[in-house]
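Me: Please take one part of the model shown below and look at it closely, in a connected account that I can follow with the structure open. I would like to hear about the main core and the pieces that build it.

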Amino acid sequence: MATTKQRAFLRVIFITILIIVLLMFIPRSSFLDINYDKYNENLKSLNETTETTKSLNSTLGFDHIYVVNLATRPDRLIKMNAMINALNLKVEYFPAISKDNHKILDRYNNSTYMNSTHKACYVSHYMIYSSIIYNRYDSALILEDDVDMELNITSIMTHIHSLLPSDWDLLYIGHCMGWEGFFDQPLFNTSETFKLYPSKKPYCTHGYAVSAAGALKLIKLLAELYLPLDLQLISKIEEGVLKSYSVNPASIIQTNDNPSDVSPGADFLEHKTLIHSTLHSLGLR
């Protein structure tokens with residue numbers, strides 16, 4: 001018969017074997033190493049989200065930012081660069097078509113309603129629509145090189161993106177008409193100062209965004225030139241072909257510090273001041 005010590009030793013062996021068998025059937029997710037793996041996965045996801053947020057902040061929530069600039073106007077780049085650096089934005093300077101570049105302008109339909117400067121502006125923006133499609137951007141912001149922005153433009157756009165319908169084609173962050181009669185009710189009556197409205201005659205093209213779907217529509221709709229770009233865009237919005245929204249008050253404005261290259265002497269009665277001007281904060285206005 002087994003002694004007391006032998007029985008005790010056998011119990012230890014039995015319990016050890018039982019523990020090993022039980023561990024074989026316990027899900028791996030219960031182990032600390034798996035928990036660490038899960039932690040690392042969550043950390044990686046958080047880092048990716050943070051990097052995405054930083055990337056979107058640098059382009060104000062769009063895939064890309066274009067700044068249209070004429071080679072003959074390097075003077076405008078000084079203020080533009082200072083503002084872009086101050087706001088930590090990432091942009092691409094897009095060479096605008098000159099009114100004297102008939103080699104390119106003559107490829108497009110000649111219109112008796114447009115002078116050469118209006119046509120050059122039209123073609124420059126049309127080429128950007130093509131670039132959006134070619135690069136497969138989901139969206140892009142188009143800026144002209146004589147603009148000023150709200151100092152907190154990043155937070156403004158974070159709020160606007162939370163309101164923007166997914167099927168948008170155009171988004172006017174800047175526009176030339178801002179008085180009450182040009183807007184109906186906002187989409188959402190939030191407590192925020194900057195609200196989102198359905199567009200109603202959004203004159204000017206100094207600060208507006210285009211979605212991928214919008215770019216595809218614009219390439220087809222604007223293949224022939226009849227009116228200045230902003231007027232033709234308005235006509236398509238009023239026809240219901242383009243789904244367009246506007247931010248009001250405008251958080252991107254034209255400075256009008258220098259004569260317009262497109263419409264010299266024009267005064268569209270826009271709001272020429274911002275609540276917190278970036279250029280003013282830099283001592284450049």
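Reply: Two parts count as being in contact when they have heavy atoms within 4.5 Å of each other, and that is the sense in which one element is said to cover another below. The model is a predicted one. The protein has nine helices and nine strands, and 42% of its 285 residues count as buried. Among its contacts with a separation of 6 or more, 79% join residues 24 or more positions apart.

In soluble globular proteins, nonpolar side chains tend to be buried together. The largest nonpolar core here has 32 residues, and those with the most contacts inside it are Tyr-129, Leu-170, Tyr-208, Val-210 and Leu-233. Two or more residues each come from strand 1 (64–69), helix 4 (102–105), helix 5 (116–134), strand 3 (139–144), strand 5 (170–172), strand 7 (207–211), helix 7 (212–221) and helix 8 (229–238). Among these elements helix 5 gives the most to the core, with seven residues. Another core lies apart from this one; it has 29 residues, among them Phe-62, Val-67, Val-147 and Leu-279.

Helix 5 deserves attention in its own right, since 14 of its 19 residues are buried, leaving it mostly covered. Its length can be checked against the expected rise: at 1.5 Å a residue its 19 residues should span 27 Å, and because its end C-alpha atoms are 27 Å apart, the two values agree. Helix 5 is followed by Arg-136, whose phi is positive, near 60 degrees.

One partner of helix 5 is helix 8, and the two pack with their axes 9 Å apart and at an angle of about 55 degrees. At that angle helix 5 is oblique to helix 8, because angles from 35 to 65 degrees fall outside the ranges counted as roughly parallel or roughly perpendicular. Helix 5 brings Tyr-122, His-125 and Tyr-129 to the contact, while helix 8 brings Leu-229, Gln-232 and Leu-233. By type, the residues of this contact divide into four nonpolar, two polar and no charged. Two of the names in the contact, Tyr-129 and Leu-233, have already appeared among the residues with the most contacts inside the core.

Helix 8 is mostly covered as well, with seven of its 10 residues buried. The buried residues are Leu-229, Asp-230, Gln-232, Leu-233, Ile-234, Lys-236 and Ile-237, a list that includes charged residues such as Asp-230 and Lys-236. The cover over these buried residues includes helix 5, strand 5, strand 7, helix 7 and strand 8 (244–248). Just after helix 8, Gly-240 takes a positive phi of about 85 degrees.

Strand 7 can be followed through two of its core residues. Tyr-208 lies in strand 7 and counts as buried because its relative accessibility is 0%. Leaving aside neighbours within four places in sequence, Tyr-208 is in contact with residues that include His-125 and Tyr-129, Ala-140 and Ile-142, Leu-170 and Tyr-172, and Leu-229 and Leu-233. Ile-142 is 66 residues from Tyr-208 in sequence, yet their C-alpha atoms are 5.5 Å apart in space. Val-210, with residues up to four places away again not counted, touches Tyr-129, Ile-132, Ser-139, Ala-140, Ile-142, Trp-168, Asp-169, Leu-170, Ala-215 and Leu-218.

Ala-212 lies in helix 7, and at 27% relative accessibility it counts as partly exposed. Beyond its neighbours up to four places away in sequence, Ala-212 touches Tyr-137, Asp-138 and Ser-139. Asp-169 is 43 residues from Ala-212 in sequence, and the two C-alpha atoms are 7.7 Å apart.

The loop between strand 6 (195–198) and strand 7 holds Lys-201 and Cys-204. Most residues other than glycine have a negative phi, and most peptide bonds are trans. Against that background, phi is positive in Lys-201, near 55 degrees, and in Cys-204, at about 80 degrees. Lys-201 is partly exposed, with a relative accessible area of 32%, whereas Cys-204, at 6% relative accessibility, counts as buried. Past strand 8, the peptide bond from Asn-248 to Pro-249 is cis, with omega near 0 degrees, and Pro-249 sits in the loop between strand 8 and strand 9 (252–254).

Notes
Residues are numbered from 1 along each chain as its sequence is written. This is a predicted model: local features need pLDDT of at least 70, side-chain atom pairs count only at pLDDT 80 or more; totals for chains, interfaces and linings use all residues. Side-chain values use heavy atoms; hydrogens and water are left out. A nonpolar core is a set of buried Ala, Val, Leu, Ile, Met, Phe, Trp, Tyr and Cys residues joined through side-chain atoms within 4.5 Å. Buried means under 20% relative accessible area, exposed over 50%, partly exposed in between (1.4 Å probe, protein chains only). Helices (H or I, at least four residues) and strands (E, at least two) are DSSP runs, numbered from the N terminus. The expected span of a helix is 1.5 Å times one less than its number of residues. Axes are lines fitted to C-alpha atoms, for helices over the stretch in contact, and angles run from 0 to 180 degrees between N-to-C directions. Angles under 35 degrees count as roughly parallel, over 145 as roughly antiparallel, 65 to 115 as roughly perpendicular and the rest as oblique.
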